[in-house]
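Student: I should like a close look at the aromatic rings, followed by a connected account of the places around them. Please explain each term when it comes up.

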Amino acid sequence: MPVRVLLVDDEPLVRAGLRAVLEAQPDMEVVGEAADGAAVIPLVRQTRPDVVAMDVRMPLLDGIEATRALLRTVADPPKILVVTTFENDEYVYEALRAGADGFLLKRARPAEIVHAVRLIAEGESLLFPASVRQLAAEYGDGGGNRAARAALERARLTEREGEVLRLMARGLSNAEIAARLVVGTETVKSHVSAVLAKLGARDRTQAVIKAYESGFVAPG
């Protein structure tokens, strides 16, 4: 089955460029477009995309609020890939905190765009881990987020689960974590699922954000 993508950006040229890149792939399909975040929820319900590629800054409803609304309103929501002009941007970090699964620069090359969409759809690796770490270092309260610390304490991660979370934060895939810990991939998948469940995180990105903000993993 192809990866179904919904494009949300107020610039028609950006949408056209993304559509051209994605629809050139045999395993991808653009199922709809919107010019503002306010149109996301009805379009998601209508088209059932796997990934929403969404501009972070839009005139009526920006990508941050659209992400919050989508995750709050839609059952089994799609993955959210924030599309942005600037990498080191507090808006990007706020979108990740709101529940976005990763971000992509508008100046990215076609191969990078395709890779980002595939990676987000698969959900087994962290997209641009070094950039997420840099954002967390600049905007993540330096490990002083009380709510994140309390969530980590309540989670009571086992020693192995803590190892897995630290390796997730470094951007390792399930297969890479399995090789590092000398265990099977299915074992790693079980540990990752346990970490997400205990932290109340919907995906790896959210778990890693919590790890940075709680001070469990140092972003530096």
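Tutor: Arg 57 lies over the face of Tyr 91, 3.9 Å from the ring centre. A charge is said to sit over a ring if NZ of Lys or CZ of Arg is within 6 Å of the ring centre and within 35 degrees of the ring normal. Arg 166 is likewise placed over the face of Phe 216, at 4.3 Å from the centre of that ring. This is a predicted model, in which local features need pLDDT of at least 70 and side-chain atom pairs count only at pLDDT 80 or more, while totals for chains, interfaces and linings use all residues. Residues are numbered from 1 along each chain as its sequence is written, and side-chain values use heavy atoms, with hydrogens and water left out.

From charges over rings we may turn to rings beside rings. A pair of aromatic rings is described by the distance of the centres and the angle of the planes. Rings of Phe, Tyr and Trp (its six-membered ring) pair if their centres lie within 6.5 Å; planes under 30 degrees apart count as stacked, over 60 as edge-to-face and the rest as tilted. A search of the whole structure finds two aromatic pairs. Tyr 93 and Tyr 139 form a tilted pair, 6.3 Å centre to centre with 35° between the planes. Tyr 93 lies in helix H4 (residues 90–98) and Tyr 139 in helix H6 (residues 129–139), so this pair ties together parts that are 46 residues apart in sequence. Helices (H or I, at least four residues) and strands (E, at least two) are DSSP runs, numbered from the N terminus. Tyr 93 has 0% relative accessibility and therefore counts as buried. Buried means under 20% relative accessible area, exposed over 50%, and partly exposed in between (1.4 Å probe, protein chains only).

Phe 103 and Phe 128 also form a tilted pair, with 5.8 Å between centres and 55° between planes. The pair links distant parts of the chain, 25 residues apart: Phe 103 is in strand S5 (residues 102–105), and Phe 128 is in the loop between helix H5 (110–122) and H6. Phe 103 is buried, because its relative accessibility is 1%, whereas Phe 128 is partly exposed at 33%.

Phe 103 leads on to Thr 84, a residue of strand S4 (residues 79–84). Thr 84 is buried as well, with 1% relative accessibility. Leaving aside its neighbours within four places in sequence, Thr 84 is in contact with Phe 103, Leu 104, Leu 105, Lys 106, Val 56, Asp 89 and Val 92; contact means heavy atoms within 4.5 Å.

Helix H4, which holds Tyr 93, also holds Glu 94. Beyond its neighbours within four places in sequence, Glu 94 is in contact with Ile 64 and Arg 68.

Helix H5, which precedes the loop of Phe 128, takes part in lining a cavity. On a 1 Å grid over the protein atoms alone, a cavity is a set of points where a 1.4 Å probe fits but cannot get out, and a pocket is an open set with protein on both sides within 12 Å along at least five of seven lines; lining residues have an atom within 4 Å of a point. Grid points are joined across faces, edges and corners, and a volume is the space filled by probe spheres set on the points. The structure holds one cavity of 30 Å³ or more, and the largest cavity has a volume of about 70 Å³. Its lining includes Leu 119, Ile 120, Leu 127 and Thr 205, and H5 and H11 each supply at least two lining residues.

H11 recurs in the largest pocket, whose volume is about 250 Å³. Of the 13 residues that line this pocket, the closest to its centre are Arg 97, Gly 200, Gln 206, Ile 209 and Lys 210. Helix H7 (146–155) and helix H11 (204–214) are the elements that give two or more residues to the lining, and H11 gives the most, with four.

Helix H7 also contains Ala 155, which is buried at 6% relative accessibility.
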